[in-house]
Amino acid sequence: MQNNSLIRVFGILFGLVSLYQLSFTFIASQQEQKATQFAAQSISDETEDYLSLRDRAVVNYLDSIGNLPLYGFTSYNDAKGKELNKGLDLKGGINVILQISVRDILKGLSENSKNPIFNQALDQADQLQKSSDEPYVESFFKAFDAVKGESDKLAETNIFANRTLSDEINFDMSDDQVKPVIRRKVDESIISAFEVLRKRIDKFGVTQPNIQRLGTSGRILVELPGAKDVERVQNLLQSTAQLEFWETFKNDQLIGFLSLANDRLKEDLKQKTDDKEAEKGGIDDLLADVAAQDTTDLALPNPILDRIVGYGFQGGPVLAQFAKKDQEQIAEYLDRPEIRKLLPAAFRYVKFAWGKAQAAGEVTELFALRSNRNGEPPLSGGVVVDAMQTYDAVGKPAVSMQMNATGARTWENLTGKAFKEASNIAIVLDDVVYSAPGVPGGAISGGRSEITGDFTLNEAIDLANVLRAGKLPASADIIQSEIVGPSLGQEAIESGIYSFLIALVFVLIWMVFYYGSAGIFADIALSFNILLIFGVLAGLGAVLTLPGIAGIVLTIGISVDANVLIFERVREELKRGKGIRKAVADGFNNALSSILDANITTGLTALILFVFGTGPIKGFATTLLIGIATSLFTAIFITRIFVDDRNEKGKKVSFATAATQGLLSNIQWVFLGKRKIAYTISGILLAISLGSLFTVGLNQGVDFVGGRSYTIRFENPISPTEIESALTDVFGSAEVKTFGEANQLKITTKYKVDVEGLAVDNEIQTKLFESLAGYFPEGMTYENFVSGSDDKALGIMSSIKVGPTIADDIKNNSYLAVIGSLIVVFLYILLRFRKWQFSLGAVAAVFHDVVIVLGVFSLTYQIMPFNMEINQAFIAAILTVIGYSLNDTVVVFDRIREYVNDHPKWGFNTTVDTALNSTLSRTLNTSLTTLIVLLAIFIFGGESIRGFMFALIIGVLVGTYSSVFIATPVMYDTQQKGKTQE
C-alpha cells in the first residue's frame, strides 16, 4: 500500500493523542481515590451522619488540591474538566427535564389579567397541549383566535397593552403585530429561567453538570452526575425563589375569627348530616354513609378548634399550630367564601400562610399576613442583590441578605412601622413563612436582613444560592426524571466492564483461530481501535453510558466484520492462484466497496438514533458513530500496514488455519430455489407476530405511557405478586416485576400521573415506604429508603418519572426515527445500486426483521424472567437491528453487482446464487462473532440492558436469515417480473 509511512505517522499520533486524553481520566480518578481514603481515615463509622460528613470531607480535600500542579502538565481541576464523563447509569445521579410554565409567563406579561377571554384561551391552550407538539404560546394564539369576539384583541389594556409592555405594545396594534412581541418575550423569559437554573446548579457542588435547553418548547434538561440527595436537588430546581416580605397581624386580633369559623363549619356539617338522614330515611343508611365519608369532616365535633395542637405567644404572629397532615384541610376551610365573610372589615384582605414545618416535620404554624386588594407584598425579593449562608445568634444556619437602595428604603420604613406597632414581619419564600421576627431595636437601615428558621446547613446554603441566582420567571415542573443511586451505578460499571472483557477475549481468540497470523494483526488493530474510541470520547467531552459500553462492544463486531470481509476476499484471490502481495492488494481493494456501504448504512441509522434519542440512548449512538469511523480506519489502514510489513520482510502471512482452510469455500447451494419455502416460513412468522401485536400488544414502559417506576431492593427474595396486591390497594393500579435478582423489584404506577410537583413525588414515596416497611429489616427509616449513598444496599435504588405529555413526544419521536431510518435506507441503496428493486428488497427485509422482533417481544414479555418493556432503549435496539440487517444485505447486493459486471453472460439466478454462496463464509463468521459478543453483554451486562440486548440478539438472527432469504429473493423476483422465470 502506498503512503504506508504516512499512515503509520497518523496512527502513532492518533494513539498518542488518545493516551493523552485518557490520562486526565486516570489522574482525576487517582486523586478522588486519595480523597475518599482521606475522608474514611478522618471520620469514623461511629460518627453520627458519617456518610454526609465524609462526602463533605472529600469535596473539601479536592477543593484544597484543585489547582496544585500534577505531573508537570495538569492539575486536579484541569484533569476533572477533561476526563471521560460517565453517565448517570454508571456514576449515579439525577437527570430531569423541567417544563417552564409558559402559561405563568403569559399571565405575568398580562399583569395577571382577569379578562375572561384571555383566561379561557389559556384553559383551552392547556387542552390543546395534550395532543400537540407545538410550543404553548402557539396553542394560546390558536385558542385566543377561536374564542375571541369581533372586538376582542391581544392589545387590550387588560391583556398585553399594559404598563409592563407599554414600550412595545400599544392599543392600536393588531394581533399579528402583537404575536411576535409575545413570542420574543416568552423566549426571553425561558432564557432567563435557563440562566437562573444554571447559576443555581453551578453553586450546587456536583462535577460536570449538564444543562441545556430543548428546542423552543420551554423544556430544560438538567443532568447532575454523582448527585445523591434527591429531595435537595428537586427543591433546588423547582423552587421559584419568590421571596416576599409581609407585615403580620397579631394573633389576638384574629383568634375570635377562628372560633366563629369553627361554629359556622359545625352548623354546615350538621345541616349536611340532617339532609343526608332525611334522604336516606334510616339510621343504618346514615351510618353506612358516614363511614364511607372522609372522616376529616365528621369525626371531630369542632372542625378547626379540635385540630389545633398549640398556640403562639399572645400578641405574636402565629394564630395557631396544626398537624402537618391537617394543613390542606384547614386551608380549604379558611378559603371558603362563607368563612371569609366572617372576617371583620379591617381584615378582609388577610392572607393566611403556613410556616416551614418544624424539625420533626409533624407540626406547622398558621400566620395571618396583612395583604391588600391586589394581594401584593410591600417588598419582594427582586431587591435582593446578594445572599450568603451565615449563622444566627444561637449558632444555627441562617441566610443573610443585602438589598439595593430602593429595597433598603422600603425595608427601613417597613421595620420602622413594625417597631412602632410591636408587630412582626414575615419572610415568605414560595408561599412558605420561613420566619416572622419582631423588630425590637428600631428601624433597620442599610438594607441588610436575615432569614432564620429550622434550617439544615445544606438548606441554608441552597437558599442563599437560589436567592443570589434570582427567582424563576415562572414555575418549573419536573415532567421527566431519572434517578440512579451511586451503588447501582458502581454495579453497572462492574457488569459493563465484565461483559466488555469477555466479549473482547472471545473475539481476539476467534480471529486467531480462524485466520491465523492475519487474525493476530486484526486483533492488534482491534485493540488500537478501542483505544481510539475511548480517546475520542474523552476528547469530545462525550458521556459514557452503559448502553454506550454496549455500543463499544457492538463496535468490536463491526470492526471484526470489516476484517472478515477483507480476509475473505484475500482468500478468494489466493484460491485463484494469485501471489500473496497481489492477493492482499486485490482483497483490500475489492472489499472496500462492501465495507463502506455496510458501515454507511449502519452509520445512517446511528445518526438518526443520535438525533431522536436522549440520555443513555444518545450515548449508545455516539459510541456507535465513533466506533464506525475508527473501525474503518483501523481495519482498512492499520491491519494493512502489518500485513504489508510482514510481506516485505519475506515472512509468510496466513489467512486461514488448518482447521478453517477451505471451510465454507466450495458451497454451491441453490438459495433462490428455496425462496418459496422461505416466503412461507416468513409469512407464518409475520402472521403470528402481527396477530400477537394486534391482540396481546406490547408491554409499553413509562417512556411511552407516562408514570413512575421505582427499582427497589430488599434484604431477602420477595414475591412480586404479593407486593403488587398490596400496592394495588394503595395506588389503584400497580405493576410489579422481579428486576434482576429475586430480592429486587421494579414497581410501576400511574397514580396521579397527571399531577406535577415535589409534593406528589413525596406522597408516592411515602405511600411506598408505608406499604413496604414490613418487608425491610427493623430500623429501616424513610430517609434511608429514599436517600442515595455510595454503600446503599436497600430501598429505592433508582427511579424514573415521565409525564404523559413528554411520553407522547417520546413515542412520536420513536415512530419518526424508525420511519426515517427506512426512508433513508431506501434512498441510499437506490443511490448506490441505481435500481429500485434493490431498495425494495432491503426495505422488505428490514420490515420483516422489525415485525418479527416486535412479535417476539409481544409473545414472550409475560413469561420472560427479565424486563421486556418497550422504551427508548428498545427503539435504539430496533434501529440497530435495521442497521445490522442492512449491513448484511448490502454486502450481498454489492457482490451481486460485482458478479453482474464481471460475468454478463451468466443467468441472473446463477449470478445471485453464486454471490450468496461466495459471501456465506463472511455472513456466518460475522454473525457468529456478533452473537457471541451480544450474548456476553446479555448474560453479564446488567439487568437494565438485558431486554435491549435480547432485542439485538433476535435481530441479528433474523437479520442474517432475511439478508439471504428475503432481501435477495424479493430483489430477484421484482427484477425478473415480466421476464421468463426459470
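In this predicted model, helix α28 (residues 836-860) counts 25 residues and spans 36 Å between its first and last C-alpha, close to the 36 Å expected at 1.5 Å a residue. Of those 25 residues, 19 are buried, so α28 is largely enclosed by the rest of the structure.

We can turn next to the nonpolar interior. The largest nonpolar core comprises 128 residues, and those with the most contacts inside it are Phe500, Ile829, Phe874, Ile882 and Phe948. Helix α29 (residues 872-902) supplies the largest share of this core, with 16 residues. Leaving aside residues up to four places away in sequence, Phe948 touches Ala550, Phe620, Ala873, Ala876 and Ala877. There is also a second, separate core of 48 residues, which includes Leu122, Val186, Val222 and Ala476.

A sheet provides the next point of interest. It is open, has eight strands with mixed pairing, and follows the order β8-β9-β11-β10-β16-β15-β7-β12. At its edges stand β8 (308-310) and β12 (379-380); each has a single partner strand, so one side of each is left without a neighbour in the sheet. Elsewhere in the order, strands β7 (residues 243-247) and β15 (residues 425-429) run antiparallel and are joined by five bridges. Within this pairing, Glu244 has Val428 of β15 as its bridge partner. Helix α13 (residues 327-335) packs on the sheet, where it touches β9 (318-323), β10 (351-355) and β11 (363-369). The direction of α13 makes about 170 degrees with that of β10.

Conventions:
Residues numbered from 1 in each chain as written. Predicted model: local features only at pLDDT ≥ 70, side-chain atom pairs only at ≥ 80, totals over all residues. Heavy atoms only, no water. Core = buried A, V, L, I, M, F, W, Y, C linked by side-chain atoms within 4.5 Å. Buried < 20%, exposed > 50% of the residue type's maximum accessible area, 1.4 Å probe, protein only. Helix = DSSP H or I, 4+ residues; strand = E, 2+ residues; numbered from the N terminus. Contact = heavy atoms within 4.5 Å. Expected span 1.5 Å × (residues − 1). Pairing = 2+ DSSP bridges. Axes fitted to C-alpha atoms, helices over the stretch in contact; angles between N-to-C directions.
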